[in-house]
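Thanks for coming. I will take a few minutes to walk through one model, beginning with a ligand and then moving to the sheets.

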Amino acid sequence: MATPVIRLKNRFFSFWRQDSFIKDIFSLIIITILIGGAISFGLAWVVDAYFGDTVTGLIGDVGQYDLILHVREDAADMAKKELEKIIAQNFPGAEYKQAPTVAGRANFLLALPDEYKNREVLENIDSYFSTLPGGNGHTFIIAPVVTVRGVQFGAKGMLIKRLQELPGVKFAFVSGSNVLAVLTEDADSKAITQKAQEILDDYRTIEVRFPMGYQIKDISATGERLVMAIQDRIQPKLVKDVTLSEETSDMQAFLDALVEMKRFLLGYASEVEIKLDPSAALRVGDRVVLQGASPQPLVVGDTLRPDNLVVDIISIQGDTAKGIITQGDISDIAHGQLEFSAESGQGPIVTKSYRLERGTDIGQLVGETIIHNDRFELMLAIDESIKLLEELEVMAAEADETSQHLLATLDAYEDTLDQIARVEETLRSVNQSLDGPLTQLGRLNIDELVSTLKNTGKSIDYLLATMGLVNPPSAGQLADVEQSYSEVQGRTGLDQVLKDINPVVQLLRKFRERINQFALQVDTFGSLAENSDLVHRLMQDIGGATTSALSAMEQVDVDALRQDLKDITARLKAIGNLDTELVRRQMQDVRSTLPDLTDEEIGRSVRLIDRYIGGEVIPGERLEILVDSGVRADEVKPVIAEMLGTEDFSVLEAPIGTLQPDVRGILFSVLREVRSTIAGLTAVVFTLIILWLDHALIVTALRKLIPSRKQVAKGWARIWQRCLPDLAALYSGAVGGTVLLGSYLLSGGAIPLLSPVHILIIGVLAGLGTAALSERISPVSEAEIYAGLSLGMRKTDILREIVIPEGRPGISNLLNRRKLRFQ
Amino acid sequence: MGTIHLEIKNLRKKYGDFEAVRGVNLEVARGEVVVIMGPSGCGKSTVIRCINRLVEPTEGEIWFDGLPVHDLSQKEMVSLRRRIGFVFQNFNLIHRLNVLQNVMLGLIYAGVDKDQALEQAEEALRKVGLLQAAGKRPSMLSGGQQQRVGIARALALQPELMLWDEPTASLDPILVREVLDVMEDLAQSSGTTMVIVTHEVPFALRVADRIVLMAEGQVVEEGAPDEIFRLPRSGVGHKYLEIITSQYHDVTEMRRRILPGHRTEGKIIV
Ligand SMILES: Nc1ncnc2c1ncn2[C@@H]1O[C@H](COP(=O)(O)OP(=O)(O)O)[C@@H](O)[C@H]1O
Ligand SMILES: [Mg+2]
């Protein structure tokens, strides 16, 4: 009933069953795996502990040092001296330590004092150590840190800005293609790492690759166009051309600087604007001639004179052409036929321009030309301002004085007003007493009137005297100053006060004269005492004058004026407090930084820059655009296709950078890897040793003990039979695989690139290899086996009592001890 | 003779494609001493090892004491082998064990209790005259002594059948005597059935009840010692006999004595 396969299987199992050696084998394998796992783990642990210490010894504790300076080994001593010098000079307080030399490189660990740990220093660290002999770069080990690797060149600034906004980030800086965010000591680096990842996730780069051989002629311009197209079509939050990599970026920076320079120069050049005649077919790049400093008017057909002005046309829009002067200077025109003077900066120049033909001939009239010069205008404005500033201080002092006088005047004014009011009152009582014949009372009243009038006269005199101190011409000048500064200060006032008071003063003068007259006549009153008519006339006279003076004076709101004056005084004080000297100096600085270039020089420089920029375009086969993460590559593709008119390109998305654990983290992860690798390798070695010590012997013995079959099987069984003779090899492979995989897994081993399946295969192969060589590794005395057999010993007993004790001292030997009958 | 103790029927053994034994038939009666002779490589060892299945026969039957040896399981073989003593050409002593332990080995694993085993082992050693060497390592002994230990080891189990595979062939000529003496003593006094492979002609003449001459995997001659040496019929057997008998210095006298009628002068060229 039993099929050959089952029969063979049964035979195999019965073989193992009757020989309980299989149990020995099982316990042997289990114990072997346990020991192998323990040894592998233990060795790896020891190595790990050793390396961990070594690493600490090598680069210090976390955060102890900030960077490693690499120096050629032979220059180490010199470098040390220089390093000390550099530290003393640039980083006083910094500490350094010489770390072990690795692969021909001496290493110096450097700890910078906190005040030097900032973006400026760290980004330029190479420049500080450029004099280090044999210097070979540096590695940052600053900690705690979050490092973003492979950051897109164009994204660095933005990334730094955003990282620095994170709480816990002290500052961020660029090192090569990395951006490092240095954290505060107590920062939650995990949280920050996650936040940094979120930032990275906000952006992506889109790379456009063209097939081999396809070259974009001006990559910069194309990138710019693409950015515009994307902006137009997709309207992302962010789109930026970052095509130019770091290598080309120096060139790009230079080009950018040139462009900036051009813009700067053009800003100071005279601006030439030509209202083109309809007949003038002028194009960009053409040149036109202006009369300039030449006394001779331009005549068609004449040749160009050196004192003419030549203008290069740089742009044409509608009927207006713009250009820059490439021969002569705007100031030359001042000496010419025009009323314009550059020094006076009086508005634009208007003149005629003619086409310049063949470089020297004056051609057709092209139109009316207007020349502006911001440079002159600015210079002038500054000069004026400086002059004004110089006067300002004096004026402010004067104005202050004036206002003080005015305040005194106002006081006198009020006194006078009081006096006049009293005059009026006295007059009233005099008039009453004068109704009858001149009585004694009447005389008394007149006496009082006279004395009151005398006092009033004194008040008016005082008022006028103070008025005289006000110095009206100076006040006028002050008004000018005030006017100039009204824009700054926002109000005027002094002149208003004066304006209000002046007419009243005129009236008061007249009143004073009347008082004088009156007093003169009253002095002679006694003789006129009986002449009541005269008295009446006098009274009426002075009464009218008093009333009109009083009513005029009352119209002036003295309190309001006083308030105004107080405000003005305060403002003048503020002006006086201005550090006018500083302002003046700064304005002079500004003036001196204005390029002292003629239009011709500017024009030529601009032309040179243009020519250079025009020639220096960077070709390439890829474009790179920085966008926000809302933009998808497949969205961009049609935009590019339309723009370039080809579909022959590919579009890739990439992150703008990837996070990397800090150097320490890497080291320790490397160590972890080393540790598990060592564990794994130890497991392999252990397995080989075990196979060699224990199992080669068992394999050899099994080969001799497994009975060969009497009959040759047929069919399928034959195939089995073919395999079975090397049951011992199968055993060896199984043991190799089991032991290796078991101890490998148990030890936590992990050899890079090898999965447990690989490990199993290696184990099996090692086992099979051992089986192949077993006879040579562990010969077994066949004679003794036969002796055992002949004595009626079971195979198990033969293995235990004869084979294994005579084998090598392995685990099986150890375990077998307790099974021995003959110790 | 008495009852058949051992019967070999049409025994064949192939080593790969090479057939070392080609249909050997042999009957051994209880208590009979059979000597197998024949040139080297003719298959003597193979035959004798097939008897206790140290070598697995390819074909044929082996009956021992009515048991189909060829058909027994490994387990049954274990107990069967305890009944069959085997003496190896190269002694096959266990180097790790001393003389006494070697002799006790079979007994202990046969389940004999320790005291009994010790007694039996000492008895066996006494028989071969080596009791005094009981504590020695085999490597300390001479070849003859080692073989006597090998004999004692086989004897200790008190076997019903003793198989000897050229027990003296590895010995210096000077040591052969002591072994042969022990063997002769056993053969003549124990009454044990024996199958002996040897080239020792005088020994065979003295001890053998029957001599089986083998050549090229087959039995070519079989008979009483006198017959065998007197009338060699097989070509190979003849040559072999010439050689083994020529080893002795008094060859002519010996021939005259054991092989009457066979007159050969001078040396035989091999
Ligand atoms: N294990 C073996 N494998 C292959 N051939 C063998 C083996 N044992 C013996 N032989 C061969 O079988 C033949 C008989 O050998 P054997 O029985 O030892 O001869 P004898 O004992 O008569 O010298 C010889 O040719 C020998 O080479
Ligand atoms: Mg032999």
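I start at a single contact: the side chain of T46(B) places an N or O atom 2.4 Å from an oxygen atom of ligand 1. Please keep in mind that this is a predicted model. The protein buries 59% of the 550 Å² that ligand 1 exposes when taken alone.

Two further contacts involve the backbone. A polar backbone atom of G41(B) is 2.6 Å from an oxygen atom of ligand 1. For G43(B), a backbone N or O atom lies 2.9 Å from an oxygen atom of the ligand.

Which residues surround ligand 1? Going along chain B, they are Y15(B), F18(B), A20(B), P39(B), S40(B), G41(B), C42(B), G43(B), K44(B), S45(B) and T46(B). Sorted by class, that shell has five nonpolar, five polar and one charged residues. Two elements of chain B, β2 (18-29) and α1, give two or more residues each to the shell. Helix α1(B) supplies the largest share, three residues.

Now to the sheets. In general, strands of a sheet pair through backbone hydrogen bonds, either parallel or antiparallel.

I take the four-stranded sheet of chain B to begin with. It is open, with the order β2-β1-β4-β5, and its pairing is antiparallel. The edges are β2 and β5 (67-68) of chain B; each has a single partner strand, so one side of each is left without a neighbour in the sheet. Strand β4 (residues 59-64) of chain B pairs with β5(B) over two bridges, in the antiparallel sense. In that region F64(B) stands opposite L67(B) of β5(B). Helix α1(B) packs on this sheet and touches β1 (4-15), β2 and β4 of chain B, with its direction at about 120 degrees to that of β1(B).

The other sheet is also in chain B. How many strands form it, and in what order? There are six, in the order β6-β7-β8-β3-β9-β10, forming an open sheet with mixed pairing. Strands β6 (84-87) and β10 (218-223) of chain B are at the edges, each pairing on one side only. On average, neighbouring strands here are turned by 15 degrees against each other, direction ignored.

Helix α1 (residues 44-51) of chain B packs on this sheet as well, touching β3 (33-37), β6, β7 (161-165), β8 (193-197) and β9 of chain B. The direction of α1(B) makes about 155 degrees with that of β7(B). A second helix, α5 (residues 143-156) of chain B, lies across β6 and β7 of chain B and runs at about 170 degrees to β6(B).

Last, one edge of the six-stranded sheet. Strand β9 (residues 210-215) of chain B runs antiparallel to β10(B), and five bridges join the two. A215(B) has Q218(B) in β10(B) as its bridge partner.

That is the end of my walk-through.

Note on methods: Residues are numbered from 1 along each chain as its sequence is written. Chains are lettered from A and ligands numbered from 1 in the order in which they are written. This is a predicted model: local features need pLDDT of at least 70, side-chain atom pairs count only at pLDDT 80 or more; totals for chains, interfaces and linings use all residues. Side-chain values use heavy atoms; hydrogens and water are left out. Two strands pair if DSSP finds at least two bridges between them. Axes are lines fitted to C-alpha atoms, for helices over the stretch in contact, and angles run from 0 to 180 degrees between N-to-C directions. Contact means heavy atoms within 4.5 Å. A residue is near a molecule or strand if one of its heavy atoms lies within 4 Å of it. A polar contact is a pair of N or O atoms within 3.5 Å; within protein, one must be able to donate a hydrogen and the other to accept it, and residues adjacent in sequence count only if both atoms are side-chain atoms. Accessible areas come from the Shrake-Rupley method with a 1.4 Å probe; for residues, only the protein chains shown count as cover. Ala, Val, Leu, Ile, Met, Phe, Trp, Tyr, Cys and Pro count as nonpolar, Asp, Glu, Lys and Arg as charged, and the others, Gly among them, as polar.
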